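The exercises below are to be worked with the sequence and the 3D structure at hand. Each task is followed by a solution in steps.

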Amino acid sequence: MSIVLAIILLLPLLSVFILSRKLQQKHGKNYHPIGGTIFNQLLNFNRLQHYMTYLAGKYKTYRLLSPFRNEIYTTDPANVEYILKTNLDNYGKGWYHNSILKDLLGDGIFTFDGDKWRQQRKVSSCEFSTKVLRNFSSIIFQKKDLFMKSTLDSIFKVAFGVELDSMCGSSEECTNFSKAFDYSSALILRRYVDIFWQMKRYLNIGSEAALKQNIEVIENFVYKLIHSKIQHMHNASQDHSALKKEDILSRFLRVSETTSPKYLRDIILNFISAGKDTTTTTLSWLIYMLCRHPNLQEKVAQEVKEATNMKEIDNFAKFADSMSEEILGKMQYLHADAKIWFSDDTLPDGFSVKKGDMVAYQPYAMGRMRFIWGDDAEEFRPERWLDEYGKEFAYRQMKVFSAVLLGSFMLKLSDDKKIVDFRTMINLHIDGGLHVRVFPRRRGS
């Protein structure tokens with residue numbers, strides 16, 4: 001009811017905004033068609049990607065109006081290339097994204113352009129080079145309990161150099177941290193469609209009060225990690241062998257001894273967002289789709305066995321240890337953001353955009369567009385993307401986890417009639433989790 005009342009109160013303001021935008025459409029400039037308003041996003045928030053995909057099916061690129069700016073959304077590959085590559089310097093995160101994301105991600109790599117972005121990219125790029133990740137993989141990913149480990153364990157070890165188990169006083173502490181991070185991610189995204197979020201934050205009510213509580217849980221955990229890391233580095237300062245394999249957190253601590261705990265906190269949360277959510281979410285949806293398509297699941301399982309030369313897997317530790325770089329490369333079936341305009345511009349599709357407007361390309365919708373993939377765009381055909389390459393860390397995790405799981409077990413949905421949908425957040429988690437039954441693979445299966 002409060003949402004409807006807010007929309008009614010803001011209709012006069014929105015009308016003035018629309019009129020002013022129409023008056024600006026002169027001197028031969030042509031602007032993208034209007035798909036709706038920001039209030040349509042708010043009303044459809046729980047099914048936001050479905051709604052945006054519906055609009056993308058009508059217009060390759062369209063505008064949503066808000067009281068403060070145009071928001072342009074595109075699925076046109078030519079526009080995407082222009083924004084991300086050809087004219088990259090004219091597009092950036094700007095103050096708008098920073099103001100929305102700052103409470104959770106601070107001054108991290110996802111919220112800033114310029115010097116801070118370059119410094120973090122430079123320091124972290126060494127740690128996430130292909131060679132370093134492959135060396136780390138032999139130690140971290142190929143343990144006998146590999147298939148029981150989560151991606152959160154991996155990102156803590158690779159990026160921060162600590163065992164997650166040693167960080168948590170109890171399993172409940174780790175669970176609370178993970179849940180608080182996921183909930184905060186959903187609440188932060190809601191700010192993009194809720195024009196009253198700043199007022200709510202000031203009054204400490206509603207979604208902003210919940211966000212503040214969850215960020216407190218996150219920060220308590222992260223500052224504990226920072227203190228533990230500093231103490232570990234101090235104790236190991238005389239043991240040079242212990243410092244041979246540095247992690248991202250160690251590198252930032254060595255760049256400047258005066259680096260504030262707050263800045264380290266921002267770096268940590270940005271890397272957790274990049275390393276945990278993307279891989280966990282992709283793995284969950286991969287397992288879901290393979291359960292929905294058992295023929296393809298069997299094809300993947302057969303490919304795993306052929307690549308590893310193991311007809312029957314009865315020793316999980318031995319199988320996990322067999323995941324060499326050459327074997328991972330053979331598994332073909334396991335290859336599995338918004339910006340602000342800094343100045344007026346014209347996109348390749350011929351439409352104009354104004355300084356201060358927001359633009360976002362839509363990967364979810366692009367994967368479902370017939371004008372890109374053909375009439376069978378919504379069919380599950382992963383062979384379309386066999387020659388595509390992703391980020392090294394996330395895809396190595398996915399391939400190893402998937403190889404061990406699918407080579408060792410058959411997976412079936414607990415309820416194959418239950419509708420599985422996403423939860424609207426920065427990364428689209430499966431709403432309510434994925435419930436799967438697991439059966440050991442027998443000889444010949």
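A residue counts as buried under 20% relative accessible area, as exposed over 50%, and as partly exposed in between. The model is predicted.

**Exercise 1.** Classify Tyr 202 as buried, partly exposed or exposed, and state which nonpolar patch contains Tyr 202.

*Solution.*
Step 1. Locate the residue: Tyr 202 belongs to helix H11, residues 197–203.
Step 2. Apply the cut-off: the relative accessibility of Tyr 202 is 71%, so Tyr 202 is exposed.
Step 3. Identify the patch: Tyr 202 joins Met 199, Leu 203 and Ile 205 in a nonpolar surface patch, and together the four have about 480 Å² of accessible area.

**Exercise 2.** Describe how buried and exposed residues are arranged on helix H4, and find the residue that caps the N-terminal end of H4.

*Solution.*
Step 1. List the buried residues of H4, which spans residues 77–86: Asn 79, Val 80, Tyr 82 and Ile 83.
Step 2. Check their directions: these residues lie on the same side of H4, because they cover an arc of only 160° around the axis.
Step 3. Turn to the face directed away from the buried side of H4: Lys 85 and Thr 86 are the exposed residues there.
Step 4. Inspect the N-terminal end: Asp 76 is the cap of H4, with a side-chain oxygen 3.0 Å from the backbone nitrogen of Ala 78.

**Exercise 3.** Determine how many aromatic pairs the structure holds, and assign the geometry of the pairs Tyr 96–Tyr 192 and Trp 285–Tyr 288.

*Solution.*
Step 1. Count the pairs: there are 10 aromatic pairs in the structure.
Step 2. Take Tyr 96 and Tyr 192: the ring centres are 6.0 Å apart and the planes stand at 80°, so this pair is edge-to-face.
Step 3. Place these two residues: Tyr 96 is in helix H5 (residues 94–105) and Tyr 192 is in the loop between helix H10 (171–190) and H11, so the pair ties together parts 96 residues apart in sequence.
Step 4. Assess their burial: Tyr 96 is buried at 9% relative accessible area, and Tyr 192 is buried at 17%.
Step 5. Take Trp 285 and Tyr 288: with centres 5.8 Å apart and planes at 85°, this pair is edge-to-face.
Step 6. Place this second pair: Trp 285 and Tyr 288 are both in helix H14 (residues 261–292), 3 residues apart, which is about one turn of the helix.
Step 7. Assess burial again: Trp 285 is partly exposed at 22% relative accessibility, whereas Tyr 288 is buried at 11%.

Methods
Residues numbered from 1 in each chain as written. Predicted model: local features only at pLDDT ≥ 70, side-chain atom pairs only at ≥ 80, totals over all residues. Heavy atoms only, no water. Helix = DSSP H or I, 4+ residues; strand = E, 2+ residues; numbered from the N terminus. Buried < 20%, exposed > 50% of the residue type's maximum accessible area, 1.4 Å probe, protein only. Arc of directions from axis to C-beta. Polar contact = N/O pair within 3.5 Å; in protein donor to acceptor, adjacent residues only side chain to side chain. Phe/Tyr/Trp six-rings, centres within 6.5 Å; stacked < 30°, edge-to-face > 60°.
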